[in-house]
Amino acid sequence: MEERLKVLVAEDETILRKGLILTTDWKALGMVVIAEADNGIDAQELALKLEPDILVTDIAMPGMDGLELIGILSDQLPDCECIIISGHAQFSYAQKALGYGVKGYILKPIDPKELMVVLSKAAKEIYNRKQEREKDLELEQLRELSERFLPTKVSTTKDYRDQYIQKAISVIEQHYAEHLNVADIAEHMGLSERTLSNLFKERTGYTFLEYLTLYRMRMSTTLLQQKERQVGEVALMVGYKDYRYFCKIFKSCFGLTPLEFKKGGR
């Protein structure tokens with residue numbers, strides 16, 4: 001189950017603040033309110049201490065107004081999505097708020113449906129950003145691995161464990177264009193997924209997925225050199241239905257796009 005997003009609510013009007021916290025269906029949004037504040041100074045301290053994913057704040061508050069608070073947090077907590085609630089309809093407020101990257105500007109009295117829409121939009125931004133970072137990290141790891149990747153030759157010694165690794169590598173070499181996972185191969189061999197995963201890493205230096213991905217990239221370079229092959233066709237031939245993801249992994253491994261490679265880049 002994915003961890004719920006953390007929300008901080010800053011509003012000096014107690015009734016409004018409590019009403020917003022108690023009547024919003026945070027669970028349905030995949031969120032939880034972790035703290036509340038009735039002034040900007042306390043809100044800043046809580047934000048820096050608890051690092052919320054989302055800040056819902058009024059503009060007019062004692063100690064520090066909402067725009068000043070957002071301005072500070074945009075530097076110190078750049079991943080925090082900010083939503084403003086205010087009784088002020090002047091465009092200048094909204095304009096300044098947008099300059100800080102605020103994702104929503106809601107006027108009082110608050111429309112619950114509008115609030116839900118804005119919160120959902122903020123959540124989507126956060127999840128998209130997290131996914132992109134995870135992909136970027138994965139691609140960076142693949143790039144580093146590709147710099148030292150060579151097809152593994154299992155030792156010719158009589159270590160009985162090598163037969164399992166050779167079988168796994170053979171499956172990759174014969175079926176790399178298909179959907180493969182270590183769990184299915186382990187089950188076919190009569191091993192647990194953990195045992196085969198650990199053994200594969202120990203004997204080859206790569207995880208099963210790393211080896212599979214890098215082998216696919218290696219095969220794609222051969223296919224791309226065939227003039228009649230289109231990049232999208234090659235992506236499918238090496239097991240990628242997502243054309244863009246194939247291109248992204250290829251570039252992370254070789255430093256250029258598949259099309260650039262096909263046109264003569266090396």
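Buried means under 20% relative accessible area, exposed means over 50%, and partly exposed is in between (1.4 Å probe, protein chains only). The model is predicted, so local features need pLDDT of at least 70 and side-chain atom pairs count only at pLDDT 80 or more, while totals for chains, interfaces and linings use all residues. Residues are numbered from 1 along each chain as its sequence is written, and side-chain values use heavy atoms, with hydrogens and water left out.

**Stop 1: D79 and R133**

Select D79. It is partly exposed, with a relative accessible area of 33%. Now add R133, which is partly exposed at 45% relative accessibility. Their side chains meet in a salt bridge, N to O, at 2.7 Å. A salt bridge here is a side-chain nitrogen of Lys or Arg within 4 Å of a carboxyl oxygen of Asp or Glu. R133 lies in helix α5 and D79 in the loop between α3 (66-76) and β4 (81-86), so the pair ties together parts that are 54 residues apart in sequence. Helices (H or I, at least four residues) and strands (E, at least two) are DSSP runs, numbered from the N terminus.

**Stop 2: E11 and K108**

The whole structure has 13 salt bridges. Go next to K108 and E11, whose side chains form one at 3.4 Å, N to O. K108 sits in the loop between β5 and α5, and E11 in the loop between β1 (5-10) and α1 (14-23), so this pair links parts 97 residues apart in sequence. E11 is buried, with a relative accessible area of 1%. K108 counts as partly exposed at 25% relative accessibility. Add E13 and D58 to the selection: salt bridges that share partners join E11, E13, D58 and K108 into one network.

Stay at K108 and look along the backbone. The peptide bond from K108 to P109 is cis, with omega near -5 degrees. P109 lies in the loop between β5 (104-107) and α5 (112-146).

**Stop 3: E36 and R17**

Select E36 and R17. Their side chains meet in a salt bridge at 2.7 Å, N to O. E36 lies in strand β2 (residues 31-37) and R17 in helix α1, so the pair ties together parts that are 19 residues apart in sequence. E36 is partly exposed, with a relative accessible area of 31%. R17 counts as buried at 8% relative accessibility.

**Stop 4: E51**

Move to the loop between α2 (40-50) and β3 (54-58), where E51 lies. Check its backbone: phi is near 50 degrees, a positive value in a residue other than glycine.

**Stop 5: the cores**

Which residues have the most contacts inside the largest nonpolar core? Select F200, F208, Y240 and F246; the core has 37 residues. A nonpolar core is a set of buried Ala, Val, Leu, Ile, Met, Phe, Trp, Tyr and Cys residues joined through side-chain atoms within 4.5 Å. Color the elements that give two or more residues to this core: α6 (162-175), α7 (182-189), α8 (193-204), α9 (208-224), α10 (231-237) and α11 (243-254). Helix α9 gives the most, with nine residues.

Center on F200. Leaving aside neighbours within four places in sequence, its contacts (heavy atoms within 4.5 Å) include I165, A168, I169, I172, F208 and Y211. Apart from this core lies another, of 20 residues, among them V9, I54, V56 and I110.

**Stop 6: charges on α9**

E210 is found in helix α9. What is the nearest side chain of opposite charge to E210? K201, at 4.2 Å; E210 is buried yet has no salt bridge. For charge, Lys and Arg count as positive and Asp and Glu as negative, while His and the chain ends are not counted. The side chain of E210 does reach the backbone nitrogen of T207, at 2.9 Å.

Select R216, also placed in helix α9. R216 is buried, with a relative accessible area of 8%. Beyond residues up to four places away in sequence, R216 touches Y176, E178, V238, G239 and Y240. A polar atom of the R216 side chain lies 2.9 Å from the backbone oxygen of E178. R216 and V238 are 22 residues apart in sequence, yet 5.5 Å apart in space, C-alpha to C-alpha.

**Stop 7: the cysteines**

Finish at C82, buried at 6% relative accessibility. A disulfide is a pair of cysteine sulfur atoms within 2.5 Å. The closest cysteine sulfur to that of C82 is in C80, 4.5 Å away, too far for a bond. The count by this rule is zero disulfides. C247 also counts as buried, at 17% relative accessibility.

Key
Polar contact = N/O pair within 3.5 Å; in protein donor to acceptor, adjacent residues only side chain to side chain.
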